[in-house]
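Reader: I have a model open in front of me and would like to learn how to read its charged contacts and its surface. Could you take me through them one at a time?

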Amino acid sequence: MRPPRLVALVLAAVACGLSPLGAEERMLPVPLGVIYPGDVIRESMLGERAFGLGGGADGSVAETKGALIGKVARRTLLPDRPVPTIAVDAPKVVAINASVKIVFNEGGMVIVAYGSALQAGSVGDLIRVRNQDSGLIVTGRVQADGSIRVSEG
C-alpha cells in the first residue's frame with residue numbers, strides 16, 4: 001500500500017497537468033494568455049505544453065492548434081490549460097434578426113427571396129428564417145456567403 005502523502009502528491013500533480021513519472025506525454029495547444037468568450041482564436045494566442053496521456057486522450061480537448069485557430073471561445077480559456085472541444089465553436093456567419101437571402105434551387109429552377117434570420121448560425125447549420133414577403137417561416141442551411149439554402153425535403 002502506498003503512503004497517503006505520496007498518493008496526495010501524485011493526485012495534485014495530475015490535477016495541475018503534470019504526469020506521473022514514467023507516463024507518456026504529448027504536446028497540446030494551450031492559450032498563452034486569457035481568452036475571453038466571443039474572442040476569435042488566432043495562432044499568436046496559442047502555445048504548446050506537454051501533458052500526460054491520461055487526461056484528454058478521449059478527444060475531449062483540442063489536440064492541434066489547427067483545431068482552434070479561427071474558432072470562437074464559448075467560455076473563458078485560461079493560460080497553460082488544455083482547451084476542451086466544447087469550449088470553442090465555429091464563428092457565426094448569420095446573426096439573429098439579420099437580413100438574409102433565401103435561395104431555393106431545385107432541378108434548374110432558382111427562386112430567391114429575402115427574410116430575417118430567427119436564429120444565429122455557422123456555415124452548415126440549419127436555421128429558421130421568416131420570409132419578409134409572405135411571413136412564412138422556412139428552415140434552411142447556412143452557406144459560406146451568408147445566404148440560406150432551402151430545399152423541398
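Reader: How many salt bridges does the count come to here?

Author: In this predicted model, a salt bridge calls for a side-chain nitrogen of Lys or Arg within 4 Å of a carboxyl oxygen of Asp or Glu, and by this rule the count comes to two. One of them joins Arg26 to Glu63, with 3.6 Å between the closest N and O atoms. Because Arg26 belongs to strand β1 (residues 25-31) while Glu63 sits in the loop between β2 (46-52) and β3, the pair ties together parts that are 37 residues apart in sequence.

Reader: Is Arg26 buried or exposed, and what of its partner Glu63?

Author: Buried means under 20% relative accessible area, so Arg26, at 15%, counts as buried, whereas Glu63, with a relative accessible area of 40%, is partly exposed.

Reader: Which side chains meet in the other salt bridge?

Author: Those of Asp89 and Lys92 do, at 3.6 Å from N to O. Asp89 counts as partly exposed at 28% relative accessibility, and Lys92 likewise counts as partly exposed, at 46%.

Reader: Turning to the surface, which residues form a nonpolar patch?

Author: A patch of this kind joins nonpolar side chains within 5 Å, and here Val34, Tyr36 and Leu78 form one, with about 290 Å² of accessible area together. Leu78 itself is found in the loop between β3 (72-73) and β4 (88-89).

Conventions:
Residues are numbered from 1 along each chain as its sequence is written. This is a predicted model: local features need pLDDT of at least 70, side-chain atom pairs count only at pLDDT 80 or more; totals for chains, interfaces and linings use all residues. Side-chain values use heavy atoms; hydrogens and water are left out. Patches are made of residues with over 30% relative accessible area and no salt bridge: like charges are joined within 9 Å, nonpolar side chains (Val, Leu, Ile, Met, Phe, Trp, Tyr) within 5 Å. Accessible areas come from the Shrake-Rupley method with a 1.4 Å probe; for residues, only the protein chains shown count as cover. Helices (H or I, at least four residues) and strands (E, at least two) are DSSP runs, numbered from the N terminus. Buried means under 20% relative accessible area, exposed over 50%, partly exposed in between (1.4 Å probe, protein chains only).
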